[in-house]
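Student: Please show me the model, and then let me question the labels put on it.

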Amino acid sequence: MKIILFIIDGLGDRPNSKGNTPLKEANTPTLDRMAKEGICGIMSAIDIGVRPGSDTAHLAILGYDPYKYYTGRGPFEAAGVGIEVKPGDVAFRCNFATVDENFKVLDRRAGRIRETKELEKVIDGLEIDGVKVIFKESGGYRAALVLRGEGLSDKVSDGDPHKEGVKVPEVKPLDSSQEARRTADVLNKLIKISYERLNNHPVNEERRRKGLPPGNIILPRGGGVVPYIEPFYERYKLRGACIAGTGLIKGIGKMVGLDFIPVEGATGTPSTNYMGKAKAVVENIKNYDFIMVNVKGADEASHDGDYETKVKVLENIDRMLEYILDNVDREEVYIVVTGDHSSPIEVRDHSADPVPIVIWGKGVRTDDVDRFDEFSTYKGGLSWIRGKYIMPILLDLINRSEKYGA
């Protein structure tokens, strides 16, 4: 038996003034079919009332306690873009952003800049006070940063204000150690150097001519050291793989030991190659026991407050699932569809609202749910579960769980 874990990033939402959500309004016949033929419920990735990040949520859903294994987003982002991190390295997630001459943040994503390959080159390889800077863009405005050198610490604050209209904050040590002070000092110098090197870069000059915001600074956040994580195969005895378009999810897959299956045009945006991902699932499931698929576009639309785009993304995902269901054997595959977190349009960020979940496959105890949305699946037989229960449920369905007791 095989498992496909299909995670719709930012799936859930809150009802608007008409009582609708993008998921409720979207035309999703395949998801509705799965709800009718499967067992449904709602899921909180980490716990009830806990607002998860995509990183901690995916860890939890894969069965890895984020309170134990999560040291910050940076190491996962770095692994996802192909940086080989080493013991003692401190890694950060970064944005290319737009600031004015006073370092006030005008756009945290620099207009969702895409042309960042050339910008990467003027930062990667720098050395600041004996610390090597390793810097790689990870698709669009995102990037990963690794600091390598003696006496570093991840106990530092973010260089990202997480909102616009305010100045770039000074990175500060979060404890009294010399290592934290040294790391904060290196980061503050790097942020200033990035502005000096990026502000008048030809790529940004061209963007200004086009009326687009320049990516003229980097904002590091989510610093962490590299944790040891028990490999997925050792934990579950399943050969697993990951299909994703964003560096963060690729990194999580890599850190837990999932093979990465590349898909041309998989961008992690609403314009991703939906059918390319669906075909990759069908083509590769014969070679693996487990495939995790992440589709990011709904979350991107939520962060932009774009209701209509989120509806369209969900409809594209439904067509992906139609292709998968039409090309796999229900006698051989269990498919789980859920989200990592809710991303309400009105909030433009993650929330602690639970997300719908359905498990589809042979022998599943069906319930009375016939629609896959926030208002229907909570009535299902799974009730309200936490992310950590998904893998045990699936292992039992494929008859690979261990008996507890005589």
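The turns below test each label against its definition.

Tutor: This is a predicted model, where local features need pLDDT of at least 70 and side-chain atom pairs count only at pLDDT 80 or more, while totals for chains, interfaces and linings use all residues. Residues are numbered from 1 along each chain as its sequence is written, and side-chain values use heavy atoms, with hydrogens and water left out.

Student: Why does E127 count as exposed?

Tutor: Its relative accessibility is 62%. Exposed means over 50%, buried under 20% and partly exposed in between, with a 1.4 Å probe and protein chains only. E127 therefore counts as exposed. E127 is found in strand β5, residues 127-128. A strand is a DSSP run of E of at least two residues; a helix is a run of H or I of at least four, and both are numbered from the N terminus.

Student: What makes helix α11 mostly covered?

Tutor: Eight of the 11 residues in α11 (274-284) are buried. Among them are Y274, K277 and N284.

Student: Which elements do the buried residues of α11 pack against?

Tutor: They pack against β1 (2-8), β9 (240-243), β11 (290-295) and α13 (307-327). Contact here means heavy atoms within 4.5 Å.

Student: At what angle do the axes of α3 and α10 cross?

Tutor: The axes of α3 (54-61) and α10 (247-256) cross at roughly 35 degrees and come within 10 Å. Each axis is a line fitted to C-alpha atoms, for helices over the stretch in contact, and angles run from 0 to 180 degrees between N-to-C directions.

Student: Is that crossing left-handed or right-handed?

Tutor: Right-handed. The near helix is turned clockwise from the far one by less than a right angle; anticlockwise would be left-handed. S54, D55, H58 and L59 of α3 meet L248, I249, I252 and V256 of α10.

Student: What makes the largest pocket a pocket?

Tutor: On a 1 Å grid over the protein atoms alone, a pocket is an open set of points with protein on both sides within 12 Å along at least five of seven lines. Lining residues have an atom within 4 Å of a point. The largest pocket has 28 of them, with R73, R93, R221, H303 and D349 nearest its centre.

Student: How many residues of that lining are charged?

Tutor: The lining of the largest pocket has 17 charged, eight polar and three nonpolar residues. Asp, Glu, Lys and Arg count as charged; Ala, Val, Leu, Ile, Met, Phe, Trp, Tyr, Cys and Pro as nonpolar; the others, Gly among them, as polar.

Methods: On a 1 Å grid over the protein atoms alone, a cavity is a set of points where a 1.4 Å probe fits but cannot get out, and a pocket is an open set with protein on both sides within 12 Å along at least five of seven lines; lining residues have an atom within 4 Å of a point.
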